[in-house]
2 protein chains.
Amino acid sequence: MNYVKRQRILTLMVQFVHPATEDITLAGVLSALADPMRLRIVSNLLQKNGCMSCSEAAPCPDIAKSTLSHHFRILREAGLVRTSKIGVGHRNILRTDDIETRFPGLLNRILEFVD
Amino acid sequence: MNYVKRQRILTLMVQFVHPATEDITLAGVLSALADPMRLRIVSNLLQKNGCMSCSEAAPCPDIAKSTLSHHFRILREAGLVRTSKIGVGHRNILRTDDIETRFPGLLNRILEFVD
DNA sequence: TTCGAAAGTTCACGATATTGGAACTATTGA
DNA sequence: TCAATAGTTCCAATATCGTGAACTTTCGAA
């Protein structure tokens, strides 16, 4: 069946794209953080770093899954979060070192004012 | 004529609204700065503070006036810039003290990485 | 092995933001 | 009084955001 083939292709396409450290931009980082939900997601990640699923890092329990996924994609593409698949869920870690390399002190200064 | 009356009303409506210091939000500030043009506008204002017209602070010379006006409105409503009319133009000043009160060290840290 | 639940993703669509052209307003200077 | 300057508002085109619906992948249980 053609359908099976299409599924296979889609499977291969589901790979997360993360920008290289030098491609992380200031406007991109600020844009990604310019949202109360994403600010809290990043704050949660910072406090409990190492491993966190998408739903664990969610700012509120009643948020739609698609919305959460959308926010994580924005954080990924801005270079703030690195996502890898692990079992049924995803593992998200904050790219603290990369951001520190690009913009020393920025992330901590911003997250200082969250909550 | 009714037309004259309408003009009069519009004239009275052209007043700039600036948020109070305590109403400046983190997401609002980041959102206002999450744009390359606005970042450069604010950077220009910081470097030559005190008095700057809209077109003086423009990031590039070929930008449309309406676009520039739009960006200044966003900066005003986020609490980053205070605008007053002076003569034929406008005087824009960065609200450094107010932002420093709300989020100490934030603005300088961000603008450090512009350019 | 097959079924179902869990965790996310993609798609589609309405809502909001960005950009710039055109018309308008207010002030200044000739 | 008239033209130039500096900006604003209004409008339309395009791009991006937020969410429900459908879908995919993985894992555990029967």
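Me: What turn and what shift lay chain A on chain B, and with what RMSD?

Reply: In this predicted model, chain A can be laid on chain B by a turn of 179° and a shift of 0.1 Å along the axis, with an RMSD of 0.1 Å.

Me: Why is this called the relation of a two-fold axis?

Reply: Two copies of a chain are related by a rotation about an axis and a shift along it. Here the turn is 179° and the shift along the axis is 0.1 Å, and that is the relation of a two-fold axis.

Me: What makes it right to say that the same surface serves both copies?

Reply: The same surface serves both copies, as 100% of the contact residues of chain A recur in chain B.

Me: How many residues of each chain are in contact, and what do the chains bury between them?

Reply: With contact taken as heavy atoms within 4.5 Å, 18 residues of chain A meet 18 residues of chain B. The two chains bury about 1,400 Å² between them, with 82% of it on carbon and sulfur atoms. In chain A, the residues that lose the most area to chain B are Leu30(A), Arg109(A) and Phe113(A), together 37% of what that side buries.

Me: How many salt bridges and how many polar contacts are found between the chains?

Reply: The count of salt bridges between chain A and chain B is zero, while two residue pairs are in polar contact across the interface, both at pLDDT 80 or more.

Me: Which helix of chain A gives the most to the side that touches chain B?

Reply: Helix 2 of chain A gives the most, with five residues. By class, the side of chain A that touches chain B has 13 nonpolar, two polar and three charged residues.

Conventions
Residues numbered from 1 in each chain as written. Chains lettered and ligands numbered in written order. Predicted model: local features only at pLDDT ≥ 70, side-chain atom pairs only at ≥ 80, totals over all residues. Heavy atoms only, no water. Buried area = accessible area lost by both parts, 1.4 Å probe. Salt bridge = Lys/Arg side-chain N within 4 Å of Asp/Glu carboxyl O. Polar contact = N/O pair within 3.5 Å; in protein donor to acceptor, adjacent residues only side chain to side chain. Helix = DSSP H or I, 4+ residues; strand = E, 2+ residues; numbered from the N terminus. Nonpolar A, V, L, I, M, F, W, Y, C, P; charged D, E, K, R; others polar. Least-squares fit on C-alpha atoms with pLDDT ≥ 70 in both.
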